[in-house]
Every structure is written in C-alpha cells, then in structure tokens.
Amino acid sequence: MSPGGGGPMKDCEYSQISTHSSSPMESPHKKKKIPARRKWEVFPGRNKFFCNGRIMMARQTGVFYLTLVLILVTSGLFFAFDCPYLAVKITPAIPVVGGILFFFVMGTLLRTSFSDPGVLPRATPDEAADLERQIDIANGSSSGGYRSPPRTKEVIINGQTVKLKYCFTCKIFRPPRASHCSLCDNCVERFDHHCPWVGNCVGKRNYRFFYMFILSLSFLTVFIFAFVITHVILRSQQTGFLNAIKDSPASVLEAVVCFFSVWSIVGLLGFHTYLISSNQTTNEDIKGSWSNKRGKENYNPYSYGNICTNCCVALCGPISPSLIDRRGYVQPDTPQPAAPSNGLATYGATSSQSDMAAATPLLQSEPSLASDELHLPGKPGLGTPCASLTLGQPTPPSSMPNLSAEAGLTDILPLKEEHVGHQFLTPEEAPSPPRLLAGSPLAHSRTVHVLGLASQDALHEDSVRGLVKLSSV
C-alpha cells in the first residue's frame, strides 16, 4: 500500500462473522413464558378452593364435616331401621317426606358452604396508593406537622348517618353493613357471622341458603324425633319397652341425637327469623348498632317498615354476582429480559469465540489493553476515547482513503513472506487462540488487529479462529 496512492479500494472486503449459536449469550433478551394461573390460586384470603375454584370454603372445615356426619348418620339410621316399620304400620308417605326433607337439607347446606358469601376484592397497590393520597389531601396532612389521617367516612342512608370504616388489610373503605372476618381474612358484604357448622362465612350471597338450611334442618330433626318416638311406642305396645329397644337399638341413638340438637337448631331458627323480619344482621344485633339505647333518634335505616317486605327482600331478592372472579385468569407480569451469563462485550461473538476468550490471557484481561503498556510511540494510548463500531458490515476506517486495489487486502492481511518490516506475528509465533497485536504498519489507521491465521485462505477455512476486532483510537 502506497501512502500517497489515490485509487479506491475495490478488493478489500469485510465479512461479518456469524452470530448464530446455541449459546445463552446469543439471546440475552429471551422472554420467559409464565403459565397462566387462575385467581383462586393466588387468592390472598384464608380460604380453600376445590374443583378449579368452583367450590370456596373457609380453611377451618373440621366442624363442617362433623355436621355432615351427624346429618348423614342420623338420617341413614332413620331410613334403615324406622321407615320400613312405619311405612307398613302407618303410611308409606313417611319415608317419602323424610327423603324430601333430607335432600333439601343437604342441598341448602352444600350451597351455603361451597359458595362465595360476598367477599369484597382487595385494593390493588395503585388503588391503595391513590386512596392514601385522597385521605392525606382530605386531612390536610401535607401542611404542618404529621397527623394520622382519619380512617372513617360518613354517609347518609334514609336520613341516618352511617360510618364507613377503613380496612387496613384490604385497603378499602368497607361499604355499609360489610365487615372483615378474622377467620377467613376477607371483607364480606352484608356480613352476618362466620358459621363453623357450615364451614364458611354467612353474608349477602349465601344468607338465604343458610336460613333455608336451618329451617329445613329444624323440620327434619323434629320429623325424625317424632317418628322415632312413634316407632318405639308402637313396638312397646306389642312386645314391651325393653324388647322394642332390643329390636331397634338405632332408634334410641336417633332419639338422643335429635333431642339434644332440636333445641339449639330451633332456637337458632327463631333468632334468624327475628333478624329477617327486622332486616338486621347478627353482627348489627350483637353490636346494638340500631338499638334505642344509643338514642331516641337511632333507628335501622335498612328496614322497610313491614315484616313481609323485609322477609321477601332477604329471601326472594336477586342474588348479586360474585365480585372476586375466582376462576378468572391472572394477567401475567411483563417478562424481564434475562441477563447475560457473563459481562464479556462481544462483536459478533459465537460460543466458540467465548471459549477462546476464556482461555486467552489477553482476552481475559480486557482492562489491560487500555493501560499504558500498549501505548505506541507518537500515538495516543488505547485508553483514549474511540469511535464505537456497529454490528453488521463494517466500513473501512476513514483514515485509510489511499488504499489501492492491488495492495488493499495484502496490506491489511499480510502473508507469511511479507512480515519483514512489520510487527505482525507469523503462524509459528502466533499462539492459538489469537492474540491482540500492538504494532501496525498503517500509520494513519491507528487500529489494533486480531489475526488468528497468517493467510486469507486459512482465515476462510476456520472462521471461528479468525476473530477480527477493530478498535479505532
């Protein structure tokens, strides 16, 4: 190459090194697929779900199974030992009526236990932060010293002032008549109470089924108890009392269970009948929210003033849909790009080249290239800022405008015979993998070349070992 030559470079070509590889370094931004999950799987409350979220219960269900056992065992003994005798001696309608009551009890019990009682969804982080801002602005805590913001709001319902309390767990202001269940850890709309016998909270969406359950269970308990006593009396008239007990010992067990159960069940039915007729909840009645003792002007703003209307609203009104959408899909988070496995900066690097870099001392100690050890006389050191190279087909350096067509490629890639006067290493001197060479015959280019083979043919035969790194100083 003649420094004063003005011919354009025609034969010198730069070929891009292939970057297609199975190495993890080739795809540092590969997205990780996250399988879609249902909302019941990440539900924050203390609940148990079955049948892919269709069944929702409280976590403590031991007493619920006791309820099932008592109903099933008592009814089973009645149908097995008492109904055959009563159907012959009195009427076949007895087992039919008993069967209808039994299935009605089981249906309402399972409907109460397996349904959403009216759980209110918790606030998202953005909603909670926005609500906190509104509280701070309303309280004026931004000015002056810090004051704890109020956690109640007041609304007017039928002329009665009702306070809305803030739930620190759900991060919401609970609507009227809602309360937070400490066992299920959920805010429940129109919360009545948590019933361990049904294994669930009793609220707006399942209260009518709970009432129908205790109503039908009361009828079933009284029905079984009455006809068991009738069965024992009829047998006693024929064979005596002791022989009647020996002939049907299960009747005694049924009578004992029904006798001790009927009082609590019928009493509970009467209490909830009073609550329905006055349109109250158990929570409101225990707290005395609408008691006259709090003042003469204190009254229940939810009552319609008529017993029949209150009963129709509680038992026959429309059932509101569930607000938690427990079978819906959770929107997956945006996948974060995976970080590279190492911090090695590559220019079209492949997996083989990465292995070379790990085995070559010069490539392992990249910072040493910018030190003063490689500083060329009369030229700036490699530590000075340099122009960045883009990945793709690189263009010749702007400081080489005088390359001729004949000497272009041979000057850049010198052969073995032309190493005299140059500081390029011969194939015998150059180790494998390639090293960085600090001296260059191109005075105007100020480049450092990386050559793995001495000839152009060998460079094309083994592209992996022909790592070329161009750094403009």
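Me: How many salt bridges does a search of the whole structure find?
Reply: Happy to start there, with a word on the model: it is predicted, so local features need pLDDT of at least 70 and side-chain atom pairs count only at pLDDT 80 or more, while totals for chains, interfaces and linings use all residues. Residues are numbered from 1 along each chain as its sequence is written, and side-chain values use heavy atoms, with hydrogens and water left out. A salt bridge here is a side-chain nitrogen of Lys or Arg within 4 Å of a carboxyl oxygen of Asp or Glu. Searching the whole structure on that basis, the number of salt bridges is eight.

Me: Asp-325 and Lys-39 meet in a salt bridge; how many residues apart in sequence are the parts that the pair ties together?
Reply: Their side chains meet at 3.5 Å, N to O. Both residues are partly exposed, which means a relative accessible area from 20% to 50% (buried is under 20%, exposed over 50%, with a 1.4 Å probe and protein chains only): Asp-325 has 42% and Lys-39 has 32%. Asp-325 lies in the loop between helix 8 (307–316) and helix 9 (351–359), and Lys-39 in the segment before strand 1 (47–50), so the parts tied together are apart in sequence by 286 residues.

Me: Which residues are linked with Arg-46 in a network of salt bridges?
Reply: One partner is Asp-185, whose closest N and O atoms with Arg-46 are 4.0 Å apart. Asp-185 is buried at 15%, whereas Arg-46 is partly exposed at 29%. The network links Arg-46 with Asp-185 and Arg-122.

Me: Is Asp-116, the salt-bridge partner of Arg-205, buried or exposed?
Reply: The closest N and O atoms of Asp-116 and Arg-205 are 3.9 Å apart. Arg-205 is buried, with a relative accessible area of 14%. For Asp-116 the relative accessibility is 0%, so the residue counts as buried.

Me: What is the nearest side chain of opposite charge to Arg-190?
Reply: Arg-190 sits in the loop between strand 7 (186–188) and strand 8 (193–195); strands are DSSP runs of E with at least two residues, helices are runs of H or I with at least four, and both are numbered from the N terminus. The Arg-190 side chain joins that of Asn-279 in a polar contact of 3.4 Å (N or O atoms within 3.5 Å, where within protein one must be able to donate a hydrogen and the other to accept it, and residues adjacent in sequence count only if both atoms are side-chain atoms). Arg-190 is buried yet has no salt bridge, as the nearest opposite charge (Lys and Arg count as positive, Asp and Glu as negative, His and the chain ends not counted) is 5.0 Å away, in Asp-192.

Me: Which cysteine has the sulfur closest to that of Cys-167?
Reply: The search of the whole structure finds zero disulfides, a disulfide being a pair of cysteine sulfur atoms within 2.5 Å. Cys-167 is buried, with a relative accessible area of 3%. Its sulfur is 3.5 Å from the closest cysteine sulfur, too far for a bond, and that sulfur is in Cys-187.

Me: What distance separates the C-alpha atoms of Cys-181 and Cys-201?
Reply: Cys-181 is found in strand 6 (residues 179–181) and counts as buried at 3% relative accessibility. Leaving aside neighbours within four places in sequence, its contacts (heavy atoms within 4.5 Å) include Phe-191, His-194 and Cys-201. Cys-181 and Cys-201 are 20 residues apart along the chain, and their C-alpha atoms are separated by 7.8 Å.
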